[in-house]
Amino acid sequence: MAAALCSRSLLQCNQRCTSLSRAGLRFASTGSKPLTLKERLAELIPSEIDKVKQIRADHGKKSFGPVLVDQLYGGMRGLPALIWDGSVLDAEEGIRFRGKSIPECQALLPKAPGGSEPLPEGLFWLLTTGEVPTQEQVRALSRDWAARAAIPEFVEEILDRCPPTLHPMSQFSLAVTALNHDSAFAKAYQEGISKKEYWQPTFDDAMDLIAKLPNIAGRIYRNVFSDGKVPAVDPEKDYSHNLATLLGFGDNEAFVELLRLYITIHSDHEGGNVSAHTGKLVGSALSDPFLAFGASLNGLAGPLHGLANQEVLNWLRKIQSKIGENASDDAVKEYVWSTLKAGQVVPGYGHAVLRKTDPRYTAQREFALKHLPNDPLFKLVGQVYNIVPGILLEAGKAKNPWPNVDAHSGVLLTHYGLTEMQFYTVLFGVSRAFGVAAQLIWDRALGAPLERPKSYSSDAIQNMFKDKH
């Protein structure tokens with residue numbers, strides 16, 4: 001029944017996307033020779049600069065509304081303070097990448113021959129241009145990234161010298177930061193490049209960053225969990241296929257398809273989350289994309305951000321060890337209640353913005369229904385999905401009792417043999433580079449200034465409202 005509903009939903013989405021295309025959806029292809037991504041950006045930037053100028057002229061002095069003291073103490077939740085073009089998160093609808101939902105991206109973006117999941121190369125093109133690329137443009141992007149994929153020998157030596165006990169995310173951040181050694185932007189800035197041209201070396205750094213991440217991730221994985229031997233990147237394969245090969249799973253086409261989906265749905269989630277905002281903040285100081293994204297990774301490594309899927313997987317395994325596989329609904333309900341009564345949260349449920357089931361969760365569930373419907377952990381995930389929201393509502397524990405992206409991803413990776421949970425956030429980091437890199441390019445193209453919000457002390461707030469009621 002669930003599979004039929006998912007198939008019907010995808011069919012309806014395909015029909016909608018086809019009608020959108022026929023109605024005039026603009027594809028990024030002009031003439032006999034399609035433009036490269038950099039060429040297309042060069043065309044788009046002047047009009048976008050004019051658009052921003054007009055927005056500021058028309059609306060620059062208008063207010064979003066009051067800022068509450070609670071927002072300052074509450075992690076700035078809901079405080080409108082950033083421009084982020086790649087994606088917008090709606091509390092009811094979920095994420096849209098340049099206006100397109102996840103099902104629309106799955107239907108519209110180019111796919112690998114014989115594949116059914118969108119290629120991340122196409123998603124990056126969409127994030128940077130707002131346009132759906134052609135198959136040929138995506139293929140060219142795959143080749144470009146493969147050509148840029150090699151990492152400097154000294155970075156290889158840094159990783160090889162790291163003790164296996166050093167967390168993979170620490171190694172990842174270290175290696176990405178070290179790539180600053182060859183930054184095109186840092187070199188151009190030192191040579192006095194015009195501000196109007198900042199975006200061009202930033203683009204080159206962003207492309208190098210994304211291209212080199214599979215080699216870095218693969219080397220970390222092989223050094224820590226395997227034999228240390230890293231295979232070569234295949235210039236004829238797509239980005240996800242090469243990443244899977246570097247990790248040792250390239251022969252499993254279903255795992256390759258999973259990575260294509262995984263990278264796509266984890267690539268961006270508007271600009272307010274820790275990793276995205278950190279990259280934008282550090283980039284605003286004109287730190288190059290390697291330094292900016294190295295900082296993003298340090299934020300992603302926190303247990304309240306990128307480590308959440310590990311907590312979900314650990315919790316699911318505790319359920320299995322406590323009540324066994326194929327447990328009854330009553331037994332699962334009792335375990336969930338015991339978790340809450342112990343003062344703990346149910347990991348993978350709730351979200352700072354979303355108030356409905358995360359569409360990224362739904363996309364992964366549809367993948368699982370297609371590829372691993374009988375996996376015991378997946379069955380437990382589905383059982384928990386049917387039980388937990390009702391309990392959380394009854395207990396009054398969450399504004400959003402529905403599952404988020406982390407409730408599912410670890411189970412899928414585990415199914416295909418990637419069981420080393422410490423490494424999962426590295427894959428998240430590879431994905432998140434797409435959104436951060438795209439925004440860094442546009443920030444430099446549009447001349448985004450140094451971020452410098454105003455801060456207040458608690459005493460200052462008390463004094464500010466001392467005689468006001």
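Visitor: How many helices and strands are there in the chain?
Guide: Happy to start there. What you see is a predicted model. Counting along the chain gives two strands, and the number of helices is 21.

Visitor: What radius of gyration does the chain have, and what would a compact globule have?
Guide: The C-alpha trace spans about 70 × 65 × 55 Å along its principal axes. For 469 residues, a compact globule would have a radius of gyration near 23 Å. The chain agrees with that, because its own value is 23 Å.

Visitor: What share of the residues in the chain is buried?
Guide: Let's look at the outside, then the inside. The chain exposes about 22,300 Å², and carbon and sulfur atoms supply 53% of that area. Buried residues, those under 20% relative accessible area, make up a share of the 469 residues that comes to 49%.

Visitor: What percentage of the contacts with a separation of 6 or more is between residues 24 or more positions apart?
Guide: Here we set aside contacts with a separation below 6. Of the contacts that remain, the part from residues 24 or more positions apart is 77%.

Visitor: Is Gln439 buried or exposed?
Guide: You can find Gln439 in helix 20. Leaving aside neighbours within four places in sequence, Gln439 is in contact with Ile83, Trp84, Asp85, Gly86 and Lys280. Its relative accessibility is 3%, and the cut-off is under 20%, so Gln439 counts as buried.

Visitor: And Phe64, is that residue buried or exposed?
Guide: Phe64 sits in the loop between helix 2 and helix 3 (69-73). Its C-alpha atom is separated by 9.2 Å from that of Leu79, 15 residues apart along the chain. The relative accessible area of Phe64 is 78%, and the cut-off is over 50%, so Phe64 is exposed.

Visitor: Which element gives the most to the lining of the second largest pocket?
Guide: This pocket has a volume of about 460 Å³. The elements giving two or more residues to its lining are helix 2 (37-59), helix 10 (199-225) and helix 20 (424-445). With five residues, the one that gives the most is helix 2.

Visitor: How many residues of that pocket's lining are nonpolar?
Guide: The second largest pocket is lined by 21 residues, and Arg444, Ala445, Leu446, Gly447 and Ala448 lie nearest its centre. Sorting the lining by type gives seven charged and three polar residues. The number of nonpolar residues is eleven.

Methods
Residues are numbered from 1 along each chain as its sequence is written. This is a predicted model: local features need pLDDT of at least 70, side-chain atom pairs count only at pLDDT 80 or more; totals for chains, interfaces and linings use all residues. Side-chain values use heavy atoms; hydrogens and water are left out. On a 1 Å grid over the protein atoms alone, a cavity is a set of points where a 1.4 Å probe fits but cannot get out, and a pocket is an open set with protein on both sides within 12 Å along at least five of seven lines; lining residues have an atom within 4 Å of a point. Grid points are joined across faces, edges and corners, and a volume is the space filled by probe spheres set on the points. Helices (H or I, at least four residues) and strands (E, at least two) are DSSP runs, numbered from the N terminus. Ala, Val, Leu, Ile, Met, Phe, Trp, Tyr, Cys and Pro count as nonpolar, Asp, Glu, Lys and Arg as charged, and the others, Gly among them, as polar. Buried means under 20% relative accessible area, exposed over 50%, partly exposed in between (1.4 Å probe, protein chains only). The radius of gyration is taken over C-alpha atoms; the globule rule is 2.2 Å times the number of residues to the power 0.38. Contact means heavy atoms within 4.5 Å. Accessible areas come from the Shrake-Rupley method with a 1.4 Å probe; for residues, only the protein chains shown count as cover.
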